[in-house]
Amino acid sequence: MTDRLLVFANPEVQKLLKEKFIAVAADDWYQRRRKDETGKFFWKVASQGPRDPDRTQQGHYVFTAKGKLLGFNNNRGPEKRLAMMNEALKKWDKLPAAEKKGVIPKKGKSDERYHHELPEGGQIVKVFTRCLEERDGRLQKMAADKVGNQAAVDHLWFQKSEVEKLSRLISDGGGEIPEWLSLRIAKFHLLDNTRGEPRSWKKEEVKKWSLKVDGKGKMSGEFLIDSADGKLGYAGKFEGALAITKGRLTRFDLLVVGQHWGSGTYTQGARPGKTPMGQVFRLTGGKKARDRIPPQGIRWAPGYWSPEK
Amino acid sequence: MVWQAGEVILGLLPGMIRATIVKMKTMIITTLACLSLLGTQVGLCDEGLVNEILPSVEESAWQKIDWMTDLWEARQEAARTGKPIYLWEMDGHPLGCV
């Protein structure tokens, strides 16, 4: 998130990336594990870098389509990143033409354990999360200059058949949102991901839950999620609306407002005590690659699609 | 047509009166929008809070870069266009995890 704000919002970095590079972003957790052609190619590049091969390979790499590493760093801040990019471009300029262009074969079969795509006919809802504070009698965002105060983003995925089930629920007059969706939202999306990767909730940590939709598509409810030791939790309310036309979601707007408390292993630095947090779920058409990023909680796909089991 | 004429007249009014009318117009439109939603499709009327939560323009600036998300496809594109690849690799997808 810091990179998004400090480095990739920088006009000079943007100009250089757009004009001189092919920019690609990837989740190292998948990339370093996948046993397919993409994984092999990634390791060809990463093994030229400084990272311990038994640990994370995260960082910023510049390389040729044939896999020759030209630059690497993992520093924050645009100056060091620009310096690395410019150094890499100098090396690029010295390469023979044959190293710069060519034909790359068609991609082979992906390792499905470590590569997830939205199922055919599936739909995507973006999930934005932000820590809030009360000022002047209302909840507001905090100063943007501190890590953790920015909006975080994740994605909620639906399968086609699931949307059809929701459509039937609404046309039958409404009721409680089925457990497969309620628990998917609870376990994998009611999370404070504003400072890093949070752990998902366990089913038994969802202490109170109600999320209903009525016959007009209005959603409402409340929840209490609490860890066994009480150190990590989230309690709040839902308000929203969904609409489905001809088996397709045409609207999914959900506002979640509540109090969150505690930090996880990779989300250190939470404010002390119970503090306000808000989330907005909003349907997206998924046209941009960035909108089709798999949900963070789908690393073990069966658990994401059937969270009730 | 009537709306356009109204906008022209509004533009000729003194600043304070114009500001009051614009504020009232916004309130009426918001109220009507919420009421109409209640009739058919109930919506989120607390748009102010929704906007507090959604990413700001500054927070969305990184999206001006047309990031690819498939390394193999990026490789093909780089070879086709004769450009080096810039890979942003993080534990948790950098474009959509936090």
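Let's start with helix α5 of chain A, which runs over residues 78-93. This helix has 16 residues and reaches 22 Å from its first C-alpha to its last, close to the 22 Å expected at 1.5 Å a residue. Keep in mind as you look around that this is a predicted model.

Which residues of α5(A) are buried? They are Arg81(A), Met84(A), Met85(A), Ala88(A) and Trp92(A). These buried residues cover an arc of only 95 degrees around the axis, so they sit on the same side of α5(A). The numbering fits a general rule: an α-helix has 3.6 residues a turn, so residues three or four places apart point the same way.

Now look at the face of α5(A) turned away from that buried side: here you'll find the exposed residues Glu79(A), Asn86(A), Lys90(A) and Asp93(A). And what do the buried residues of α5(A) pack against? Their partners, also in chain A, are α2 (11-20), β2 (59-63) and β3 (69-73).

Zoom out a bit, and chain A is divided into domain 1 (2-108) and domain 2 (123-305). The centres of these two domains of chain A, taken over C-alpha atoms, are separated by 33 Å.

Next, let's bring in chain B. Two packed helices are described by the angle between their axes and the distance between the axes. Helix α4 of chain A (residues 37-46) packs with helix α4 of chain B (residues 71-81) at an angle of about 70 degrees, and their axes are 9 Å apart. That makes α4(A) and α4(B) roughly perpendicular to each other. On the α4(A) side, the contact is made by Glu37(A), Thr38(A), Phe41(A) and Phe42(A), while α4(B) brings Leu71(B), Trp72(B) and Arg75(B).

Notes: Residues are numbered from 1 along each chain as its sequence is written. Chains are lettered from A and ligands numbered from 1 in the order in which they are written. This is a predicted model: local features need pLDDT of at least 70, side-chain atom pairs count only at pLDDT 80 or more; totals for chains, interfaces and linings use all residues. Helices (H or I, at least four residues) and strands (E, at least two) are DSSP runs, numbered from the N terminus. The expected span of a helix is 1.5 Å times one less than its number of residues. A residue is buried if 20 or more other C-beta atoms lie within 10 Å of its own, exposed if 12 or fewer, and partly exposed in between; C-beta atoms are placed from the backbone. The arc is that of the directions from the helix axis to the C-beta atoms. Two residues are in contact if their C-beta atoms, placed from the backbone, lie within 7 Å. Domain bounds come from an automatic or database domain assignment. Axes are lines fitted to C-alpha atoms, for helices over the stretch in contact, and angles run from 0 to 180 degrees between N-to-C directions. Angles under 35 degrees count as roughly parallel, over 145 as roughly antiparallel, 65 to 115 as roughly perpendicular and the rest as oblique.
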